[in-house]
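Got the viewer open? Let's take a walk through this one, stop by stop, with something to select each time.

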Amino acid sequence: MSQAVMTEKAVMTLEASGLTRRFGDRVAIEDVSFHVAPGETYGLLGPNGAGKTTTIRVVCGLLAPDAGEVTVAGLPVAATATEAKARIGYVPQEVSLYPDLTARENLRFFGRLYRLRGQELRDRVEEVLELIGLADRGDDRVESYSGGMKRRLNIGASLLHRPELLVLDEPTVGVDPQSRHAIMESIANLGTAGMAVLYTTHYMEEAERLCDRVGVIDHGHLVAEGTRRELVARVGEKDRITLSATGSLALFAEACRRIEGIEQVDTADSSVHLIATDGRRRLAQVLAAATVTDTSVRSVEVEEPDLEAVFLHLTGTALRE
Ligand SMILES: Nc1ncnc2c1ncn2[C@@H]1O[C@H](COP(=O)(O)OP(=O)(O)OP(=O)(O)O)[C@@H](O)[C@H]1O
């Protein structure tokens, strides 16, 4: 994470405040506010119809909000604000490429739209092909690509002009696992390289793996935001530790009850179940308690609550309904 993320007064790459947008009587989003710092990857996590695409379209200046405002690198985004929009790379849900052109030709075409020319254009096309892992397929026509490769190229096209903010709308939907992995790797690298990324998904594993912070959106409202740890702490979810063990389990359980942060201890035939805050940090003490009570531990499993649990807690519904 860059220094700018740490400094409170740094200019945010993206600042969205009070965004509201209606379609007729339907309120698609209401009073949505969040920011993305330089080098930060922010995930908007929510089920279908929650308002993710609407938020993104407003952020990119493709849809005017009924209320609220957006700035990118301090510049207001509005329908006519080309200076702000030039700092955004937008990857829509639908792939938009020329199937009968090669990947290189597609990138050259989009690069020219972004006003890149000559050597700069040629260099940038090669850099982007490397970045998205398609350098060895650059001269193949796009119609021969898998769905995932097309998505990667689509992301590449949005990076040619070196945007400060990359906005991706569910980039892994309908993509094979290998390409999904490649897409996530490329995005993780962009964040590391200092680019701000706004990422929408309804896959909580992606949000957990990629995003520094997550905003949970449901029925057009941002219901919570923070790091995974913060969100989990906010809803009061605890870790579960399961030990498979033999020996004097009653004594062992008693010793575990005395460890700070362990809130519940249950024993079964040859296992002990613990409920703890910050379970991983308690492990050393738990294993020491096993040694002291002559308990032999065969396996230990720590289950940390995930964003699915947070979502369920906050909204009362499962994410994948
Ligand atoms: N152009 C439109 N006209 C009417 N209603 C719309 C329009 N665009 C979005 N909506 C409504 O606004 C709400 C939010 O939709 P949005 O597409 O932003 O959700 P989403 O979270 O991106 O879902 P998905 O993952 O399915 O795209 C939905 O109820 C949707 O039906």
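Start by selecting strand 1, residues 14–23, together with strand 2, residues 26–36. This is a predicted model, and in it the two strands run antiparallel, joined by seven bridges. Want a pair to click on? Pick R21 and look across: I29 in strand 2 stands opposite. Then slide to F23, whose bridge partner in strand 2 is R26.

Now look at the link between these strands. Strand 1 and strand 2 make a hairpin, and two residues sit between them. Colour G24 in that turn; its phi is positive, about 60 degrees.

Keep strand 1 on screen and add strand 4, residues 67–72. This pairing is antiparallel too, with five bridges joining strand 1 to strand 4. For a concrete contact, select A16 in strand 1 and find V70, its bridge partner in strand 4. While the strands are up, a general point for reading side chains: in a regular strand they alternate between the two faces of the sheet.

Next stop, the ligand. Which residues surround the ligand? Select F23, R26, A28, G46, N48, G49, A50, G51, K52, T53 and T54. Two elements give two or more residues each to this shell: strand 2 and helix 2, the latter spanning 52–59. Helix 2 gives the most, with three residues. You'll recognise F23 and R26 from the hairpin, where they are bridge partners; both belong to the ligand's surroundings as well. Try colouring the shell by residue class: you should get three nonpolar, six polar and two charged residues.

Time for a pair of helices. Hide the ligand shell and show helix 4, residues 103–113, with helix 5, residues 118–131. What is the angle between helix 4 and helix 5 as they pack? About 125 degrees, with the axes 10 Å apart. That angle is why helix 4 counts as oblique to helix 5. Rotate the view and check the handedness: the crossing of helix 4 and helix 5 is right-handed.

Finally, zoom out and colour by domain. The chain is divided into domain 1, residues 3–233, and domain 2, residues 238–304. If you drop a marker at each domain's centre, taken over C-alpha atoms, the two markers for domain 1 and domain 2 end up 43 Å apart.

How values were computed
Residues are numbered from 1 along each chain as its sequence is written. This is a predicted model: local features need pLDDT of at least 70, side-chain atom pairs count only at pLDDT 80 or more; totals for chains, interfaces and linings use all residues. A residue is near a molecule or strand if its C-beta atom, placed from the backbone, lies within 6 Å of it. Helices (H or I, at least four residues) and strands (E, at least two) are DSSP runs, numbered from the N terminus. Ala, Val, Leu, Ile, Met, Phe, Trp, Tyr, Cys and Pro count as nonpolar, Asp, Glu, Lys and Arg as charged, and the others, Gly among them, as polar. Domain bounds come from an automatic or database domain assignment. Two strands pair if DSSP finds at least two bridges between them. Axes are lines fitted to C-alpha atoms, for helices over the stretch in contact, and angles run from 0 to 180 degrees between N-to-C directions. Angles under 35 degrees count as roughly parallel, over 145 as roughly antiparallel, 65 to 115 as roughly perpendicular and the rest as oblique. A crossing is left-handed if the near helix is turned anticlockwise from the far one by less than a right angle, and right-handed if clockwise.
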